[in-house]
Amino acid sequence: MLRTRIAVASRAFARGYATAKPPHALVFLEHRAGVIDSGSLSALTAAQQLGGELTGLVLGAPDEVKAVAEEAQKLKGVNTILHSASPQYATPLPEVVTPLLEKLLSDSSPFTHLVSAHSSSAKSILPRVAARLDVPAVSDITSVQYDAPSGETTFVRPIYAGNAISTVVASSDIPLKVFTVRSTAFAAAVPADAKAELKLVDPVEINDVSTTHIKTSLTKSDRPELGVASRIVSGGRALKNAETFEKTLYPLADVLGAAVGASRAAVDAGYADNSLQVGQTGKVVAPELYIAVGISGAIQHLAGMKDSKMIVAINKDADAPIFQVADAGLVADLFEAVPELTEKLKSA
Amino acid sequence: MRPSPARLLNILVPVKRAVDYAVKIRVNPQQTGIDTNVKHSMNPFDEIAVEEAVRLREKLKSSIESIKLVSIGPSKCSETLRTGLAMGADSAIHIETPDSAPAPEPLGVAKALRQIIAKQEGGIDIVILGKQAIDDDAGQTGQMLAGLLGWSQATFASKVDIDVEKKVATVLREIDGGSEEIRCRLPVIITTDLRWALAELSRSEPRYASLPNIMKAKKKPIEKLTPEQLGVDLTPRLQTIKVSEPPKRVGGAKVENVDQLIEKLKEAGFTAA
């Protein structure tokens with residue numbers, strides 16, 4: 001405790017105003033199988049744009065935390081890595097993780113911002129923490145800026161499924177700004193030569209937790225992960241059934257080294273797994289290349305992919321809204337065009 | 001002494017009136033918000049929440065004592081509540097705010113809901129909310145409410161089983177890359193994913209309210225309250241300084257055939273991996 005206070009005092013010269021604390025972000029770093037999630041790496045980049053000190057937080061089971069913390073320690077721009085291990089953190093349930101975050105972020109803490117990826121896990125945890133600390137939260141931001149003289153933080157975020165862009169300001173009256181970051185809007189933080197300081201934090205053990213984890217089932221795939229793939233081939237309802245979906249799209253995805261995505265219609269109809277859904281209610285992606293096959297381009301779907309660099313649409317219906325955003329549109333029967341495209345790409 | 005009979009469960013379903021999901025929204029010229037003079041309806045995720053509450057009662061029969069709706073907002077929210085009542089809820093609470101009042105933030109809403117829950121004489125065992133509203137896309141209210149109450153939370157639920165005897169809910173959640181199963185002790189806060197489906201049903205699609213049910217819903221009670229009566233301040237703490245149009249994509253270029261498409265892909269640097 002004393003050490004923290006000295007650290008804060010030594011940074012005091014950097015303050016613009018005596019009242020505003022210098023920005024110091026705590027970034028919740030998620031990991032799976034010993035690897036830090038790419039979304040968390042983007043969240044780090046976003047947090048860096050506040051221009052202040054950066055602390056990462058790694059939680060997990062005792063056998064995995066140390067390795068992840070050491071990986072996190074090498075990331076560019078990070079000053080400190082806090083790590084905490086407990087069997088209870090093996091699957092970070094909000095009910096279990098919140099008390100630790102509450103403790104780290106309570107009144108005397110140096111942190112001004114709590115940051116994470118807009119991942120399913122962090123989306124469950126951060127608002128709970130914010131409410132415990134009686135502060136609002138800002139979701140899925142695409143831009144963040146800190147103004148030193150006023151102590152204000154300005155966020156930009158999409159609303160109405162990305163059909164409007166909202167700019168909101170959190171004044172210095174809000175002691176802690178809690179926000180989640182849209183991964184596709186920020187590059188991933190990269191390793192650097194410097195090493196951040198590692199600090200062990202005692203876990204807050206909770207007896208008699210009201211929620212218990214039973215099991216996790218992950219969809220296995222050899223293809224790149226949808227959220228971070230640079231190329232995506234996505235299919236809609238026009239693919240008819242699960243078998244045709246696979247038979248038509250997978251060869252094209254394989255030729256391009258692309259991930260496979262799906263529209264909500266295709267997921268609802270059972271052609272593809274839930275985890276492949278692209279859109280407002282599924283994943284938001286922004287790959288280099290997005291090929292939409294048999295997707296009409298409903299508002300909800302466009303919300304999930306319209307920031308892709310190049311959009312290609314293949315659809316029988318020349319009036320489908322997807323053609324309004326496509327850089328290259330082909331009006332054709334997908335069952336002829338897609339195999340032809342696959343073959344010709346292969347032999348080219 | 002004989003054990004007292006298990007208390008019946010009370011369900012609360014908060015619903016939001018939002019711009020209809022099919023409406024192409026337009027940002028107003030002053031850039032303060034969007035043109036709201038368009039069709040509104042119940043937030044689709046909340047519709048699923050109501051539907052699932054009703055299905056829970058169909059499944060658990062007399063174990064469910066009541067399904068109560070609550071909505072916060074201007075006078076027209078009562079229409080949204082009537083829709084939910086026609087779907088099968090028993091009663092509703094409308095926390096009415098002036099038409100000119102800015103939309104409350106999730107934290108304010110969560111605090112109001114906490115007050116509502118505290119006021120319920122029979123208590124509340126299960127709160128079912130949509131996972132997000134399709135207007136502000138925040139996705140925070142359920143988690144915030146769970147935090148304020150210190151209750152269990154099960155977000156992005158796609159399947160829920162309630163064990164009335166043991167007072168636990170087993171929930172399948174949609175997570176990045178797959179699904180997760182958790183067990184929550186009641187009382188619990190559940191937020192619905194699009195595909196919440198009870199075991200015997202393949203898919204969750206909200207039912208349409210029939211005309212007789214719509215007529216019946218008109219007789220169901222809607223209690224009116226003000227934020228002041230609840231002792232909550234719904235003033236937003238974050239300041240929205242601008243709402244703008246997203247950058248327009250210049251699309252629309254069409255190609256004649258697959259060869260031309262490959263040519264375009266090549267130009268952009270995309271070839272077989």
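Ala33(A) sits in the loop between strand 2 (31–32) and strand 3 (35–36) of chain A. In this predicted model, phi of Ala33(A) comes out near 50 degrees, a positive value in a residue other than glycine. Most residues other than glycine have a negative phi, and most peptide bonds are trans. Chain B has a backbone oddity to look at too: a cis peptide bond, with omega about 0 degrees, joins Leu186(B) and Pro187(B). Pro187(B) belongs to the loop between strand 9 and strand 10 of chain B.

**Two sheets that take strands from both chains**

Those two strands of chain B lead into an open sheet of 10 strands, ordered 13(A)-9(B)-8(B)-7(B)-10(B)-6(B)-1(B)-4(B)-5(B)-11(B), with mixed pairing. Which strands stand at the edges? They are strand 13 (211–218) of chain A and strand 11 (222–225) of chain B; each has a single partner strand, so one side of each is left without a neighbour in the sheet. From one strand to the next, the twist averages 30 degrees.

The join between the chains here is strand 13 of chain A running antiparallel to strand 9 (residues 178–185) of chain B, with 7 bridges between them. If you want a spot to zoom in on, Ser217(A) has Ser179(B) as its bridge partner in strand 9 of chain B. Helix 1 (residues 44–60) of chain B lies across strands 1 (9–14), 4 (64–73), 6 (126–130), 7 (152–163) and 10 (188–192) of chain B, and runs at about 170 degrees to strand 4 of chain B.

Now for the other sheet. It is open as well, with 6 strands in the order 15(A)-14(A)-16(A)-17(A)-18(A)-13(B), and the pairing is parallel. Strand 15 (259–262) of chain A and strand 13 (254–255) of chain B take the edges, each with a single partner strand, so one side of each has no neighbour in the sheet. Strand 14 (residues 231–235) of chain A and strand 15 of chain A run parallel and are joined by 4 bridges. Within that pair, Ser234(A) stands opposite Gly261(A) in strand 15 of chain A.

Helices from both chains lie across this parallel sheet. Helix 6 (residues 242–256) of chain A covers strands 14, 15 and 16 (289–293) of chain A, running at about 170 degrees to strand 14 of chain A. Helix 7 of chain B lies across strands 16, 17 (310–315) and 18 (328–331) of chain A together with strand 13 of chain B, at about 170 degrees to strand 17 of chain A.

**Helices that cross**

Here are three helix pairs side by side.

| Helix pair | Axes come within | Crossing angle |
|---|---|---|
| Helix 9 (334–347) of chain A and helix 7 (258–267) of chain B | 10 Å | roughly 50 degrees |
| Helix 4 (94–105) of chain A and helix 5 (120–132) of chain A | 9 Å | roughly 50 degrees |
| Helix 5 of chain A and helix 4 (141–149) of chain B | 7 Å | roughly 45 degrees |

Take helix 9 of chain A and helix 7 of chain B: their crossing is right-handed. Ala337(A), Glu340(A), Leu341(A), Lys344(A) and Leu345(A) meet Val258(B), Asp259(B), Leu261(B), Ile262(B) and Leu265(B). By class, the residues of this contact are 7 nonpolar, no polar and 3 charged.

Helix 4 of chain A also passes helix 5 of chain A in a right-handed crossing. The residues in contact include Val97(A), Leu101(A) and Leu105(A) of helix 4 and Ile125(A) and Val129(A) of helix 5. This contact has 6 nonpolar, 2 polar and 4 charged residues.

Helix 5 of chain A passes helix 4 of chain B in a right-handed crossing too. Among the contact residues are Pro127(A), Ala130(A) and Ala131(A) of helix 5 of chain A, along with Met144(B), Ala146(B) and Leu148(B) of helix 4 of chain B. The split is 6 nonpolar, 3 polar and 3 charged.

**The interface as a whole**

How many residues of chain B are in contact with chain A? The count is 81, and they touch 86 residues of chain A. The two chains bury about 7000 Å² between them, with carbon and sulfur atoms giving 53% of that area. In chain B, Leu238(B), Arg249(B) and Phe270(B) lose the most area to chain A, together 10% of what that side buries.

Terms used:
Residues numbered from 1 in each chain as written. Chains lettered and ligands numbered in written order. Predicted model: local features only at pLDDT ≥ 70, side-chain atom pairs only at ≥ 80, totals over all residues. Heavy atoms only, no water. Axes fitted to C-alpha atoms, helices over the stretch in contact; angles between N-to-C directions. Left-handed = near helix turned anticlockwise from the far one by under 90°. Contact = heavy atoms within 4.5 Å. Nonpolar A, V, L, I, M, F, W, Y, C, P; charged D, E, K, R; others polar. Pairing = 2+ DSSP bridges. Buried area = accessible area lost by both parts, 1.4 Å probe.
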